[in-house]
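Biologist: I have the file open and want to go through it with you. Can you start with how the elements get their labels?

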Amino acid sequence: MYDEQFRQQFHFSPKEKWMNDPNGLVYYKGEYHLFYQYHPNSSVWGPMHWGHAVSEDLMQWEELPIALYPDELGQIFSGSAVIDKENTSGLKSSDEEDVIVAIFTHHGEDNEKQSIAYSNDRGRTWTKYHGNPVIENPGMKDFRDPKVFWHEQTQKWIMSLACGDQIQFYGSRNLIDWTFLSTFGSEYGAHGGVWECPDLIQLEVEGEKEKKWVLIVSINPGGPNGGSVVQYFIGDFDGEVFTCDDEKETIKWADFGRDFYAAVTWSNVHEPVWIGWMSNWQYANQVPTDPFRSVMSIPRKLKIRRDNNEWKLVQTPIDLSLFYKDTILLNEDVTLLPLEPKQIELKELQVMVDAKVRENQSSSFTLTLKGEKEQLQIVFDCVKQEVRVDRTRSGDVSFSEYFASVDKMPLNELNDFILIVDKSSIELFVNQGSSVMTELFYPSEQNYTLEWNATDGEVHLSNVSIHHIESTWK
Ligand code: FRU
């Protein structure tokens, strides 16, 4: 049971020390594995290891011993893991268990190359492949973060790799011998920073039989509100080449908040789900948490929605209902009259709010986590057609000049929202998950209310539910 100040209660963070990207996300025999960039000796970034945790439900995590340590080829940077069911790699050695193969970047002095390691005991112990690296550095400074999946149609493993500010695809029959396939990105998307942590997945289109391919790419810096952020591209993949359906100028952000990065999906699952690192490289090393530094987002289910003929990535939180504890409101209608704020006392900053907006005559309305002096405010602004998260007065903002901010997300209409608050983070999912913002804040007061306020007209909300959420730490 961890309950230090600022410690999220139902999001994964390591007991202590530094963590960044989620790595090696794979499901096997009832367990979701979460590996992560980890520095066991410090709470700032340093020589990278793969930390390890497992969960049966993506909510309650058990931290296991470190899986991969740096070696003579370098630090262990980000990567992925797959279940090699057919033993294509020949690395299987147990009759009972499939071999799990991790594919990661070895980061040596200015030299990044791809390597593999394998486990024949459900991820408990790992052996690095004797022939590492499996892909040598071709003369590129940034050449990392391999994400691998099995491509059924062409019967081969496909690796997406971040190379400078482009993505390269490689193919392999055995996870060991890799062939270069193609490059994507020079003409598409945002290029304000280096591209990292790609992921290529096929997702269902809501309400249609069709599926689309989505290429997920983190970029640092260059986010719409500053710093590191996740962008994505929608199109097709034929086993060799990714073709993007969007106009070249189109930029699609997965999450407009400042604190959702390096997100990738679990492999070997039926329902696509991903998790992101809830921080931003602008200030990740300075956030005032102790003895741990950094936390993962809530896992989110993924699909595609066709919205006015535009493809959108849609994210919705996994079901938290098993962890509801006190119910403050259950499916109620709430009417907000102009300038008559409604206040709901919160026992703790561990809460989920779910609401539909039935009718809105106000040019804006706000949702504020309000202490005596501190507040974090969300403004739904129908005139400017945007959502703003203002954390300038949200508590400790002094640790970095980049932290205090009012962050914006464009929004044409507002139909519904889900807000998840956990001690020092908020995750806001608007319009059935089609617009998302994730933000950290560091409140210091004891008592908070949730204040709802319409500025100049009535707002009619329906199906409003508010639940406190239990701690998932044992
Ligand atoms: C993304 C990243 C990756 C890299 C890792 C190093 O946050 O920079 O590109 O593999 O972190 O910790």
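Modeller: Strands here are DSSP runs of E with at least two residues, numbered from the N terminus. With that in hand, Arg124 is in the loop between β7 (111–119) and β8. Keep in mind that this is a predicted model.

Biologist: Is Arg124 buried or partly exposed?

Modeller: Partly exposed, since its relative accessible area is 39% and the partly exposed class runs between 20% and 50%.

Biologist: What does Arg124 touch, leaving aside neighbours within four places in sequence?

Modeller: Arg124 is in contact with Glu31, His33, Val54, Leu64 and Ser119.

Biologist: And how far is Arg124 from His52?

Modeller: Their C-alpha atoms are 9.2 Å apart, with the two positions 72 residues apart in sequence.

Biologist: Let's zoom out. How many helices and strands does the protein have?

Modeller: The count is 0 helices and 33 strands.

Biologist: What does the radius of gyration say about a compact globule?

Modeller: The protein agrees with one. A compact globule of 474 residues would have a radius of gyration near 23 Å, and the protein has 22 Å. The C-alpha trace spans about 70 × 45 × 40 Å along its principal axes.

Biologist: What share of the residues is buried?

Modeller: Buried residues are 62% of the 474. The accessible surface is about 18,400 Å², and carbon and sulfur atoms account for 44% of that.

Biologist: What about sequence separation in the contacts?

Modeller: Take the contacts between residues at least 6 apart in sequence: 61% of them join residues at least 24 apart.

Biologist: Charges? I'd like to know how far apart the mean positions are.

Modeller: The mean positions of the 42 positive and 74 negative charges are 1 Å apart.

Biologist: OK, domains. Which ones does UniProt list?

Modeller: The unreviewed entry has "domain: Glycosyl hydrolase family 32 N-terminal" at residues 11–317. It also has "domain: Glycosyl hydrolase family 32 C-terminal" at residues 344–468.

Biologist: How much strand is in each span?

Modeller: Residues 11–317 are 51% strand and 0% helix, and the end C-alpha atoms of that span lie 12 Å apart. For residues 344–468 the figures are 59% strand and 0% helix, with the end C-alpha atoms 12 Å apart.

Biologist: Pick a residue from the C-terminal part. Where is Asp354?

Modeller: Asp354 is in strand β24, residues 350–360. Its relative accessible area is 30%, so Asp354 is partly exposed.

Biologist: What are the contacts of Asp354, again without the neighbours within four places?

Modeller: They are Phe417, Ile418, Asn463, Val464 and Ser465. Asn331, 23 residues from Asp354 along the chain, has its C-alpha atom 8.8 Å from that of Asp354.

Biologist: Give me a residue to compare. Why does Ser160 count as buried?

Modeller: Ser160 has 0% relative accessibility, and buried means under 20%. Ser160 lies in strand β10, residues 156–163.

Biologist: Which residues is Ser160 in contact with?

Modeller: Beyond its neighbours within four places in sequence, Ser160 is in contact with Asp145, Pro146, Lys147, Ile167, Gln168, Phe169, Pro198 and Leu200. Gln286 is another matter: the C-alpha atoms of Ser160 and Gln286 are 31 Å apart, with the residues 126 apart in sequence.

Biologist: Switching to backbone geometry. Where are there cis peptide bonds?

Modeller: One is from Asn132 to Pro133, with omega near -5°. Pro133 is in the loop between β8 (127–128) and β9 (143–151). Another joins Asp290 and Pro291, with omega about 5°. Pro291 is in the loop between β18 (273–277) and β19 (292–293).

Biologist: Which residues have a positive phi without being glycine?

Modeller: Cys197 is one of them, with phi about 45°, and Lys423 has phi of about 60°.

Biologist: Where is Cys197, and is it buried or exposed?

Modeller: Cys197 is in strand β13, residues 194–204. Cys197 is buried, because its relative accessibility is 4%.

Biologist: And Lys423, where does that sit?

Modeller: Lys423 is in the loop between β29 (416–422) and β30 (425–430). At 23% relative accessibility, Lys423 counts as partly exposed.

Methods
Residues numbered from 1 in each chain as written. Predicted model: local features only at pLDDT ≥ 70, side-chain atom pairs only at ≥ 80, totals over all residues. Heavy atoms only, no water. Helix = DSSP H or I, 4+ residues; strand = E, 2+ residues; numbered from the N terminus. Rg over C-alpha atoms; globule rule 2.2 N^0.38 Å. Buried < 20%, exposed > 50% of the residue type's maximum accessible area, 1.4 Å probe, protein only. Contact = heavy atoms within 4.5 Å. Areas by Shrake-Rupley, 256 points an atom, 1.4 Å probe, with all protein chains shown as cover. Lys, Arg positive; Asp, Glu negative; His and termini not counted. Charge placed at Lys NZ, Arg CZ, Asp CG, Glu CD. UniProt positions renumbered as here; feature names shortened; annotations may be inferred.
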